[in-house]
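Visitor: I'm new to this one and would like a tour. Could you show me the structure before we start?

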Amino acid sequence: MLADMKREGFVTEEEYEQYTSQPVEEMSQIQNVRAGRADAGTSGFFCDYVTRSLLNDPNFAPTYEERRKLLYGGGLTIRTTLDPNTQAAAVDILQRKVPGDSQHGFGHSIVTVEPGTGKILTMAENRTFNPHEDVQPGETAINYNVPQALGGGNGFPVGSTFKPFVLAGMARDRAQHR
């Protein structure tokens, strides 16, 4: 099979020599590799969002199990709209303002959506994406940007955010009743 790959140009002569001279015992050593959304670096939340979107979308396949097999079975090419440069800038801004491991514990995020297309260009948090049990300070699997079905939490109370809207509405109502 490796000879076929060399003949078809999928491996170079050097790679062919390297892999054919490697002892079988070396090749059969099992390694514990963490891959997937947790290893997507500063794009982990976006990667998780895309994964959950596909797993929840019956247009992708009729049942959840079929969607899971299709997604993790290999052979798919998934193209996203994330812009690596904009993503890096968003992460930098978030970490400079309130680092994810700050003693204050504040979490915040930035999402950039291209007007007219709905393409998500950035989805960043001041946290490190970690869906595993060994969560450290500054890490979370909760995506602050999406609903619960796509990896978000239960939402956040709006608190003082609504005060200006309530006051503006009250002022408008008063003006209309005069």
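Visitor: Let's start with a single residue. Where is S43 found?

Guide: Begin by placing a residue among the helices and strands. S43 lies in the loop between α3 and α4. Keep in mind that this is a predicted model.

Visitor: Is S43 buried or exposed?

Guide: Here you look at relative accessible area, and buried means under 20%. S43 has 18% relative accessibility, so S43 counts as buried. Leaving out residues up to four places away in sequence, S43 touches L82 and Q87.

Visitor: How far apart are S43 and M123, in sequence and in space?

Guide: For that, compare the count along the chain with the C-alpha distance. S43 and M123 are 80 residues apart in sequence, and their C-alpha atoms are 7.3 Å apart in space.

Visitor: What about the chain as a whole: how much of the long-separation contact is there?

Guide: Take the contacts between residues at least 6 apart in sequence: 45% of them join residues at least 24 apart. As for burial, 22% of the chain's 178 residues count as buried.

Visitor: How many helices and strands are there in the chain?

Guide: You'll find 7 helices and 4 strands. Going along the sequence, they come in the pattern α-α-α-α-α-α-β-β-β-β-α.

Visitor: Which residues make up the largest nonpolar core?

Guide: A core is read as a group of buried residues joined through their side chains. The largest nonpolar core here has 10 residues: F46, V50, L54, L55, L71, L82, I120, M123, V146 and L150. The elements giving two or more residues to this core are α4 (44-56) and β2 (120-125). The largest share, 4 residues, comes from α4.

Visitor: L54 is in that list. What is L54 in contact with?

Guide: Set aside the neighbours within four places in sequence, and L54 is in contact with F60, R67, L71 and I78. L71 also belongs to the core.

Visitor: How do α4 and α5 cross?

Guide: With two helices, check how close their axes come and at what angle. The axes of α4 and α5 come within 8 Å and cross at roughly 135 degrees. That angle makes α4 oblique to α5. On the α4 side, T51, L54, L55 and N56 make the contact, and on the α5 side, Y64, R67, R68, L71 and Y72 do. These residues divide into 5 nonpolar, 2 polar and 2 charged.

Visitor: And where is A61 found?

Guide: A61 is in the loop between α4 and α5 (64-72). With a relative accessible area of 11%, A61 is buried. A61 touches E66 and R67, not counting residues up to four places away in sequence. The C-alpha atoms of A61 and L71 are separated by 9.8 Å, with their positions 10 residues apart along the chain.

Visitor: Let's try a strand. What does T140 touch?

Guide: T140 sits in strand β4 (residues 139-140) and counts as buried at 13% relative accessibility. Beyond residues up to four places away in sequence, T140 touches F45, E125, R127, T128, F129, N130 and V135.

Visitor: Since the model is predicted, where is confidence lowest, and where is it highest?

Guide: Look at pLDDT. The chain's mean is 84, and 89% of its residues reach 70 or more. Confidence is lowest in helix α3 (residues 24-27), at a mean of 73, and highest in β2, at 95. As a general habit, predicted coordinates should not be read in detail where pLDDT is low.

Definitions and conventions. Residues numbered from 1 in each chain as written. Heavy atoms only, no water. Core = buried A, V, L, I, M, F, W, Y, C linked by side-chain atoms within 4.5 Å. Buried < 20%, exposed > 50% of the residue type's maximum accessible area, 1.4 Å probe, protein only. Contact = heavy atoms within 4.5 Å. pLDDT = per-residue confidence, 0-100. Axes fitted to C-alpha atoms, helices over the stretch in contact; angles between N-to-C directions. Parallel < 35°, antiparallel > 145°, perpendicular 65-115°, else oblique. Nonpolar A, V, L, I, M, F, W, Y, C, P; charged D, E, K, R; others polar.
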